[in-house]
Amino acid sequence: MKTFVIVSDTHRNTQPFEKMATVLAECDCIVHLGDMASDANALMRQYPDKTYAVLGNNDFFGGLPSEFILEAEGHRIFACHGHRYSVRGGTQKLAEAAKKNDCDIALYGHTHISDIHEEDGVLIINPGCMQRYSPKISYCYLVIAGKKAVPTIVDIGP
């Protein structure tokens, strides 16, 4: 079994990380899906062996990739910010990119709206955002155990 904490669009609001300290420390993997690379780098400094991150559309520096693939429990996970796949207009291009890379799970951010659905055999997950003054601040807690992948959106308040 592997556990993931997936965050996105922190936009320099790292206060929620304090509320999440226990879950961040205990999970197997942390994924930051962009917007702000500096926030992702802070997580990487604190949890260097288990944090992965991508650049978002507001990240111009940071030395991070625009996308990556992780493997866990027989699943391949495609991670990106989402803006390059026009996710504001739907997730079809994202699902196609995941399938092209033999991935059955795709993670994205950018829209600031949490979302979990299946599209063309791909489990699509957006953890929502952590931007200050957002009406909803959330992350995703993903548990992968064998063939099962169970994502849960966790609302941690405004």
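This report walks through two sheets, the helices that lie across them, and a few side chains of interest. The model is predicted, so please read every value below as computed from that model.

**The sheet that starts with strand 3**

One open sheet is built from 5 strands in the order 3-2-1-9-10, with mixed pairing. Which strands stand at its edges? They are strand 3 and strand 10 (148–157). Each has a single partner strand, so one side of each has no neighbour in the sheet. On average, neighbouring strands of this sheet are turned by 20° against each other, direction ignored.

At the strand 3 edge, strand 2 (residues 29–32) and strand 3 run parallel and are joined by 3 bridges. You can find one residue pair here by eye: H32 has A53 in strand 3 as its bridge partner. Helix 3 (residues 37–46) lies across strand 1 (2–7), strand 2 and strand 3, and runs at about 160° to strand 3.

**The sheet that starts with strand 4**

Another open sheet, also described as mixed in its pairing, has 5 strands in the order 4-5-6-8-7. Its edges are strand 4 (67–72) and strand 7 (115–119); each pairs with a single strand, so one side of each is left free of a neighbour in the sheet. From one strand to the next, the twist averages 20°.

Strand 7 meets strand 8 (residues 122–126) in the antiparallel sense, over 5 bridges. Within this part of the model, E119 stands opposite V122 in strand 8. Helix 4 lies across strand 5, strand 6 (105–107), strand 7 and strand 8, and its direction is about 125° to that of strand 8.

**Aromatic pairs**

How many aromatic pairs does the structure hold? There are 2, and the table sets them out.

| Ring pair | Distance between centres | Angle between planes | Type |
|---|---|---|---|
| Y52 and F68 | 5.9 Å | 40° | tilted |
| F78 and Y85 | 5.9 Å | 80° | edge-to-face |

The pair of Y52 and F68 links distant parts of the chain: Y52 sits in strand 3 and F68 in strand 4, 16 residues apart. Y52 is partly exposed, at 34% relative accessibility, whereas F68 is buried, with a relative accessible area of 12%. As for F78 and Y85, both are buried.

**A buried histidine**

H81 is found in the loop between strand 5 (75–80) and helix 4 (92–100). Is H81 buried or exposed? With 1% relative accessibility, H81 counts as buried. A polar atom of the H81 side chain lies 2.7 Å from the backbone oxygen of L33. The side chain of H81 also has a polar contact of 3.2 Å with the side chain of D35.

**Cysteines without a bond partner**

A disulfide is a covalent bond between the sulfur atoms of two cysteines. This structure holds 0 disulfides. Why is C27 in no disulfide? A disulfide needs two cysteine sulfur atoms within 2.5 Å, and the cysteine sulfur nearest to that of C27 belongs to C29, 7.0 Å away. C27 is also buried, at 5% relative accessibility.

C103 is likewise in no disulfide, and the nearest cysteine sulfur, that of C80, is 10 Å away. The relative accessible area of C103 is 5%, so C103 counts as buried.

Conventions. Residues are numbered from 1 along each chain as its sequence is written. This is a predicted model: local features need pLDDT of at least 70, side-chain atom pairs count only at pLDDT 80 or more; totals for chains, interfaces and linings use all residues. Side-chain values use heavy atoms; hydrogens and water are left out. Buried means under 20% relative accessible area, exposed over 50%, partly exposed in between (1.4 Å probe, protein chains only). Helices (H or I, at least four residues) and strands (E, at least two) are DSSP runs, numbered from the N terminus. A polar contact is a pair of N or O atoms within 3.5 Å; within protein, one must be able to donate a hydrogen and the other to accept it, and residues adjacent in sequence count only if both atoms are side-chain atoms. Two strands pair if DSSP finds at least two bridges between them. Axes are lines fitted to C-alpha atoms, for helices over the stretch in contact, and angles run from 0 to 180 degrees between N-to-C directions. Contact means heavy atoms within 4.5 Å. Rings of Phe, Tyr and Trp (its six-membered ring) pair if their centres lie within 6.5 Å; planes under 30 degrees apart count as stacked, over 60 as edge-to-face and the rest as tilted.
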